[in-house]
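Here are some worked exercises to try with the model open beside you. Take each task on your own before reading the solution.

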Amino acid sequence: MDFVDRVLAVSGNSAIKSFTLKCRLGVGSAHTNRWICNVLNRGVLDLHLDAKAHDPLIFEVFACKTLVKLKLNRFEIPTLPEDASLPALKIISLHFVKFYNLDAFQKLISACPLLEELTMIYIAWELWKCSHIFSCQTLKRLTIGCVGFSVELGSMSFDNPNLVYLEYSDFVQLQYPVVNLDSLVEAKLGLTMKEGGPDNCDPSNLITGLRNVEILNLLCPETVEIFGIFHEAMPVFANLLHLTITSEVDFCSSVSSLPSLLQKAPNLHTLVIKV
């Protein structure tokens, strides 16, 4: 800790473009917060913070005018300050971050008028069942990996008209009320169903919303099965050129729904089957 203090001290007030802080030895928050504030005041552009436990993130991070890229690992975000503003932020990556409510998450997105890329891996919510809305007009790339949205399934909406890349792996939610993905070029889906199967989920709107996609990758056999179960929701994928599916060893039984998908892709050029 003394070493870090000396390094920051001897560098004076010179600009710091990139700062990575990984604390896995139980360093107290008083020290880490002091270091973070130091680099925030020196115009940091790229900030990567990785804590040992779920520590609350200091408010100063959400008011940094220079940040372009922010990566957080193992932090809690109970709430955001009313004056939260990240006017230059374009890329956010969240791993094992806990939000206490959706309001905090929505405030974070609203505070980033230039946001283009959002990655969320193993995000925890303190709400059991609620409606999740990913709405960002500037977003171009969205990655959601095994997100623990709720103990009980809820609803989820994607209102991202300028999104070109979507990677989404999770349990299928009860419903997807709003899906606006008109600019989508590439989608990677790894969807599975909880107990109760299709009676407890409905991805129809999500499947329909993929109609303009050019590259589609179904990452697991369960996702291929879901497309078969909800085949009536499949639109004509007029722009689909490249399709990749992941199947079981018993190919015939695991991709019985493949013909339905192929019939909806009249312009398909490339089919890749991974077993």
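**Exercise 1. Locate Tyr122 and describe its setting.**

Step 1: Tyr122 sits in the loop between S6 and strand S7 (124-125); helices (H or I, at least four residues) and strands (E, at least two) are DSSP runs, numbered from the N terminus.
Step 2: Its phi is near 50 degrees, a positive value in a residue other than glycine.
Step 3: Tyr122 counts as partly exposed because its relative accessibility is 43%; buried means under 20% relative accessible area, exposed over 50%, and partly exposed in between (1.4 Å probe, protein chains only).

A word on the ground rules before you go on. This is a predicted model, in which local features need pLDDT of at least 70 and side-chain atom pairs count only at pLDDT 80 or more, while totals for chains, interfaces and linings use all residues. Residues are numbered from 1 along each chain as its sequence is written, and side-chain values use heavy atoms, with hydrogens and water left out.

**Exercise 2. Find the loop that holds Phe96, and say what its phi is.**

Step 1: Look between strand S4 (91-95) and strand S5 (98-99), where the loop contains Phe96.
Step 2: Phe96 has a positive phi of about 55 degrees although it is not a glycine.
Step 3: With a relative accessible area of 34%, Phe96 is partly exposed.

**Exercise 3. Trace the parallel strand pairings from S3 through to S11.**

Step 1: Start at strand S3 (residues 69-77), which runs parallel to S4 and is joined to S4 by five bridges. Two strands pair if DSSP finds at least two bridges between them.
Step 2: Within this pairing, Lys69 stands opposite Ile91 in S4.
Step 3: S4 pairs in turn with S6, in the parallel sense and over five bridges; the bridge partner of Ile91 in S6 is Glu117.
Step 4: Strand S6 (residues 117-121) pairs with S9 in the parallel sense, over five bridges. Here Leu118 has Leu142 in S9 as its bridge partner.
Step 5: S9 is joined by five bridges to strand S11 (residues 165-171), and the two run parallel. Leu142 stands opposite Leu166 in S11.
Step 6: Check how covered S9 (residues 141-145) is: four of its five residues are buried.

**Exercise 4. Which residues does Lys71 touch, leaving aside its neighbours within four places in sequence?**

Step 1: Place Lys71 in strand S3.
Step 2: Its contacts (heavy atoms within 4.5 Å) are Leu47, His48, Leu49, Ser93 and His95.
Step 3: Lys71 is partly exposed, at a relative accessible area of 29%.
Step 4: For a sense of scale, Lys71 and Gly190 are 119 residues apart in sequence and 23 Å apart in space, C-alpha to C-alpha.

**Exercise 5. Where do the buried residues of H2 and H3 lie around each helix axis?**

Step 1: In H2 (residues 29-40), the buried residues are Thr32, Trp35, Ile36, Val39 and Leu40.
Step 2: These residues cover an arc of only 135 degrees around the axis, so they are on the same side of H2. The arc is that of the directions from the helix axis to the C-beta atoms.
Step 3: In helix H3 (residues 102-110), the buried residues are Leu102, Ala104, Phe105, Leu108 and Ile109.
Step 4: The buried residues of H3 fall within an arc of 160 degrees seen down the axis, so they line one face of the helix.

**Exercise 6. How many residues does the largest nonpolar core have, and which of them have the most contacts inside it?**

Step 1: Apply the rule: a nonpolar core is a set of buried Ala, Val, Leu, Ile, Met, Phe, Trp, Tyr and Cys residues joined through side-chain atoms within 4.5 Å.
Step 2: The largest core has 78 residues, and Phe158, Tyr168 and Phe227 have the most contacts inside it.
Step 3: Follow Phe227 outward; beyond its neighbours within four places in sequence, its contacts include Leu189, Ile207, Met234 and Leu261.

**Exercise 7. How many disulfides are there?**

Step 1: A disulfide is a pair of cysteine sulfur atoms within 2.5 Å, and the count comes to zero.
Step 2: Take Cys112 as a case: its sulfur is 8.0 Å from the closest cysteine sulfur, in Cys136, which is too far for a bond.
Step 3: Cys112 is buried, with a relative accessible area of 2%.

Note on methods
The expected span of a helix is 1.5 Å times one less than its number of residues.
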